[in-house]
Amino acid sequence: MSAIVQADRIPERMVTNRGVAALIVLLSAWTLYQRVRHVSERFRVPEYFWAPRVFHGAAGLALDLLMFTGIVILMLGLFGETRDQVERTGIVACFASAIIKPLQMLFPTYAAAIWLVNLGFLLAFLLASVAVFLRLSRPDCGSDDLVDPPATT
């Protein structure tokens, strides 16, 4: 019985405001533009996961692994917070772009191919965010429809 109660607590959508959806579209477009703008980066093999090496050696590696674990936990938490398939696709595409970066370090000969896959994830994130924005922009799907109506007695 508790599983049924838990399923009811998961909202249908996380993004219910058109302004937030528009901001996500703009940020995803900007990220994709920045990645395409620097095409020469596709052959560069990174020396760190996300943060430049402030600490060298084992401390820097531990910080990178801690950040990687945090990003994976954040992705899984957001993925479980919605039942909307378009939002789930966007969440996976957004975080897969960040999670795929260590593969360039592990397989430096395939850095350009991994960069193209990363570009594909960013494009999928842009398309998913546009789909969420367009769904919220329809007149029959206002933000009032997403909230449960008050109970009448």
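## Reading a helical model: a short tutorial

Analyst: Let's begin with one contact: the side chains of R135 and D84 meet in a salt bridge, at 2.6 Å from N to O. R135 lies in helix α6 and D84 in the loop between α3 (58-80) and α4 (85-99), so the pair ties together parts that are 51 residues apart in sequence. Please keep in mind that this is a predicted model.

User: Thanks! How many salt bridges does the count come to?

Analyst: The count comes to one salt bridge. The rule behind it asks for a side-chain nitrogen of Lys or Arg within 4 Å of a carboxyl oxygen of Asp or Glu, and the R135 to D84 pair sits at 2.6 Å.

User: Are R135 and D84 buried or exposed?

Analyst: Both R135 and D84 are buried. The label goes to residues under 20% relative accessible area. Across the protein, 25% of the 153 residues count as buried.

User: Let me step back to the fold. How many helices and strands are there in the protein?

Analyst: The protein has six helices and zero strands. Following the sequence, you would write the pattern as α-α-α-α-α-α.

User: How do I read the way two helices pack, say α2 and α6?

Analyst: Look at the distance between the axes, then the angle, then the handedness. Helix α2 covers residues 18-37 and helix α6 covers residues 111-137; their axes come within 9 Å and cross at roughly 160°. That makes α2 roughly antiparallel to α6, since angles over 145 degrees count as roughly antiparallel. The α2 and α6 crossing is left-handed.

User: And at what angle do the axes of α4 and α6 cross?

Analyst: The α4 and α6 axes cross at roughly 150°, and they come within 8 Å. That makes α4 roughly antiparallel to α6. Their crossing is left-handed.

User: Now the surface. Which residues make the nonpolar surface patch?

Analyst: L103, L106, F107 and Y110 make a nonpolar surface patch of about 440 Å². A residue needs over 30% relative accessible area to join a patch. Take two of the members. L103 belongs to helix α5 (residues 101-106), and counts as partly exposed at 35% relative accessibility. Y110 sits in the loop between α5 and α6; with a relative accessible area of 53%, Y110 is exposed.

User: How far apart in space are Y110 and F43?

Analyst: This is a way to read contacts that are remote along the chain: compare sequence separation with the C-alpha distance. Y110 and F43 are 67 residues apart in sequence, with 8.6 Å between their C-alpha atoms.

User: Where is A111 found, and is A111 buried or exposed?

Analyst: A111 is found in helix α6. Its relative accessible area is 2%, so A111 is buried. Here too a partner comes from elsewhere in the chain: R42 is 69 residues away from A111 in sequence, and their C-alpha atoms are 6.4 Å apart.

User: One more, please. Where is E81, and what separates the C-alpha atoms of E81 and R13?

Analyst: E81 has its place in the loop between α3 and α4, where D84 is also located. At 43% relative accessibility, E81 counts as partly exposed. The C-alpha atoms of E81 and R13 are separated by 8.2 Å, while the two residues are 68 residues apart along the chain.

Notes. Residues numbered from 1 in each chain as written. Predicted model: local features only at pLDDT ≥ 70, side-chain atom pairs only at ≥ 80, totals over all residues. Heavy atoms only, no water. Patch = residues over 30% accessible without salt bridge, like charges linked within 9 Å, V, L, I, M, F, W, Y side chains within 5 Å. Areas by Shrake-Rupley, 256 points an atom, 1.4 Å probe, with all protein chains shown as cover. Helix = DSSP H or I, 4+ residues; strand = E, 2+ residues; numbered from the N terminus. Buried < 20%, exposed > 50% of the residue type's maximum accessible area, 1.4 Å probe, protein only. Axes fitted to C-alpha atoms, helices over the stretch in contact; angles between N-to-C directions. Parallel < 35°, antiparallel > 145°, perpendicular 65-115°, else oblique. Left-handed = near helix turned anticlockwise from the far one by under 90°.
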